[in-house]
Amino acid sequence: MKKLIKCLTAFGDISKLKNSTYEDLKQYDVYANSIREHEGAAYFIARTGSAKKLIAYGYNNTCKFAGEESMFNGKRLKICKMDNENSEILRDVFPFTKPVSQQGKNISFGLGDRLGIASPGHIKLIRDKNIFPILAQQSIRELNLTRRSFTDVLSAASWAVFQEGYTGGFGADGDHLQDEEEIKFALNSGFTMITLDCLRYVDKNVSGYTQTEVNEIYSSLPDNIQNVYNKRYNGKVFNLDNGVVIKFETDLFRKIVLTYYGVIQYVLQINRNVIKKSVNPADFEISIDETEIPTIPEAHFFIASELLRGGVNITSLAPRFCGEFQKGIDYIGDIREFTAGFKKHSEIAKHFGYKISIHSGSDKFRIYPIISKETHGRYHLKTSGTNWLEAIRVIAVTRPDLFRKIYDVALLNLDNARMYYHVNADICRLPVIDTLTDNELQELMNFDDVRQVLHISYGFILTKYKSEIYSVLYKYEDEYYQSLIKHIGKHCEYLQI
Ligand code: ZN
């Protein structure tokens, strides 16, 4: 508090506050980019003790934020908690802190922030780049494991946007949602994008059927559906741009219909019952990525074509590409095979007018140049856990003792954590860290097995060390931002942004 008073003594005038530099204000723990004038009063964020606060200064009687009021230099001063209630008022008073649609933006990044403190680092990186950030992005799985709500996630993003004075717009994605209730929950919390997880409706058994079985089941579909599908696709060839040809031979076509028929019915139902009824139209992503079976381009074409005919406004679609997209590590698989498939998927998306979406998209440096080239610079890339790993990297450097405890928790809970995420990490390859010096610990963050284990165990780690982790990252906030700028910046470099 003393620093705030000193700051107001030095810069108590709004125009002085606005004209002061980052260096001027840093000594008082005030975030220079956050200073805004509203109805003659100054609003900004300052660090006080162990938490940041929103400061309102010089208002008449119109300050809507809840907080502790006092007088300073004959002006009203209010110190407000940066909680969910005040964040709702923030979005009202400063509309740039409200999430918006990504329509018209060619490159978008999902920047999931499990701790709710990474977004200022992301904003510092992307604000001068041609990237639309989805700063609020969490799945129900992440919400459960971090014990946060959609409101908490959106609130953290809005405060971050205010702290950085970022007016370029951002999105909020309810990720991998599975039913109407979850979608309504996200939309009612103010989210602007819905990623629908259709995995449960992909019939994985079809790949094991003989063609005779496929034909038999196919002929049991209602006649009108068979007729329509036959007319639209059976034996048809579709020539897309850049030499991509999509051909539906009868046997393959029937397998595709049986595998994805449920997905189409399900998306149409969700679209009709929730998406179309939403007051604010949400960006709508269709996801079929988290499955063992790669989505062949013909299946992608069929799904998209049927959904568009059914009136679905697709913003992006996430197929399951060939190879492996594991959490927190580089692409595993044959690059030539990936390139051939990815090119087709990208052309299909372009043909139908939506973006291709790449899930578990962080750290896939080997394929970024291909993504950039084949999509012609129009795609959505989702990252999340990698931002959490950067937080752990900061802890490894600044508080090796806490890092050692975190590592132990991760190892201890590895089998349980694997129930939520599929990773290759092998416990036999994990280093014993007792023999490592503190300086050697940060190097661990570059080992795939260590990354994956720490990536998937966040729920268990937070249950045990939540407050310690938050207090270290509060103290070393700048280090965390720099670490994110460097790491996500490397993504941008490989993607040629
Ligand atoms: Zn996914």
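These are my notebook entries on the zinc site, salt bridges, cavity and pockets of this structure.

**Entry 1: the model**

I am working from a predicted model, so I kept to local features with pLDDT of at least 70.

**Entry 2: the zinc site**

I began with the metal. Which protein atoms are the donors of the zinc ion? I found His-176 through NE2, Asp-289 through OD, listed twice, and His-359 through ND1. These donors lie 2.1 to 2.8 Å from the zinc ion.

Next I looked up the geometry. The four donor atoms make angles of 50 to 136°, and I noted the site as irregular. The tetrahedral label asks for all angles between 85 and 135 degrees, which means that a site with angles outside that range cannot carry it. For orientation, I wrote down that the ideal angle for four tetrahedral donors is 109.5 degrees.

Along the chain, the donors of the zinc ion follow the spacing H-x112-D-x69-H. His-176 sits in strand 9 (residues 172-177), while His-359 belongs to the loop between strand 15 (355-358) and helix 14 (368-374). The two histidines are 183 residues apart in sequence, so the pair ties together those parts of the chain. Buried or exposed, I asked of His-176 and His-359? Both His-176 and His-359 turned out to be buried.

**Entry 3: salt bridges**

How many salt bridges does the structure hold? I have 27 in my table. I looked at three pairs one by one.

Glu-37 pairs with Lys-18, and their closest N and O atoms are 3.0 Å apart. This salt bridge links distant parts of the chain, with Glu-37 in strand 1 (residues 36-38) and Lys-18 in helix 2 (residues 14-19), 19 residues apart. Glu-37 has a relative accessible area of 43%, so I marked Glu-37 as partly exposed. Lys-18 is partly exposed too, at 45% relative accessibility.

Glu-477 meets Arg-47 in a salt bridge whose closest N and O atoms are 3.3 Å apart. Here the partners are 430 residues apart: Glu-477 is in helix 21 (residues 477-494) and Arg-47 in strand 2 (residues 41-48). I checked the acid as well; Glu-477 has 9% relative accessibility, so Glu-477 counts as buried.

Lys-184 and Glu-181 make a salt bridge at 4.0 Å, N to O. Both residues belong to helix 8 (residues 180-188), three residues apart, or about one turn of the helix. Glu-181 is exposed, with a relative accessible area of 55%, whereas Lys-184 is partly exposed at 34%.

I also looked for salt bridges that share partners. Asp-173, Asp-175, Glu-285 and Lys-382 are joined in this way into one network.

**Entry 4: the cavity**

I counted one cavity of 30 Å³ or more. The largest cavity has a volume of about 210 Å³. Which of its 21 lining residues are closest to the centre? They are Gln-137, Asp-175, Lys-327, Ser-360 and Ser-384. Asp-175 is familiar from the salt-bridge network.

Strand 8 (136-139), helix 6 (140-146), strand 9, strand 16 (379-383) and helix 15 (385-398) each give at least two residues to the lining of this cavity. By class, I noted 12 polar, eight charged and one nonpolar residue.

**Entry 5: two pockets**

The largest pocket holds about 850 Å³ of space. Its lining has 30 residues, and nearest the centre are Met-82, Leu-115, Gly-116, Ile-117 and Tyr-470. Strand 3 (51-57), helix 5, helix 7 (150-164), helix 20 (458-475) and helix 21 give two or more residues each. Which element gives the most to this lining? That is helix 7, with six residues. I sorted the lining by class into 13 nonpolar, eight polar and nine charged residues.

For the second largest pocket I have a volume of about 700 Å³. Of the 27 lining residues, Arg-141, Asp-289, Glu-290, Thr-291 and His-422 lie nearest its centre. I was glad to meet Asp-289 again, having listed it among the donors of the zinc ion. Helix 6 and strand 9 each supply at least two residues of this lining. By class, the lining has eight nonpolar, nine polar and 10 charged residues.

**Entry 6: a proline**

Last, I looked up Pro-120, which is found in helix 5 (residues 119-126). Pro-120 has 4% relative accessibility, so I noted Pro-120 as buried. From Pro-120 to Gly-49, 71 residues apart along the chain, the C-alpha atoms are separated by 19 Å.

Technical notes:
Residues are numbered from 1 along each chain as its sequence is written. This is a predicted model: local features need pLDDT of at least 70, side-chain atom pairs count only at pLDDT 80 or more; totals for chains, interfaces and linings use all residues. Side-chain values use heavy atoms; hydrogens and water are left out. A salt bridge is a side-chain nitrogen of Lys or Arg within 4 Å of a carboxyl oxygen of Asp or Glu. Helices (H or I, at least four residues) and strands (E, at least two) are DSSP runs, numbered from the N terminus. Buried means under 20% relative accessible area, exposed over 50%, partly exposed in between (1.4 Å probe, protein chains only). Donors are N, O and S atoms within 2.8 Å of the metal (3.2 Å for Na, K and Ca); water is not among the atoms, so sites may look incomplete. Four donors count as tetrahedral if all angles lie between 85 and 135 degrees; four count as square planar and six as octahedral if opposite donors are over 155 degrees apart and all others between 65 and 115; anything else is irregular. On a 1 Å grid over the protein atoms alone, a cavity is a set of points where a 1.4 Å probe fits but cannot get out, and a pocket is an open set with protein on both sides within 12 Å along at least five of seven lines; lining residues have an atom within 4 Å of a point. Grid points are joined across faces, edges and corners, and a volume is the space filled by probe spheres set on the points. Ala, Val, Leu, Ile, Met, Phe, Trp, Tyr, Cys and Pro count as nonpolar, Asp, Glu, Lys and Arg as charged, and the others, Gly among them, as polar.
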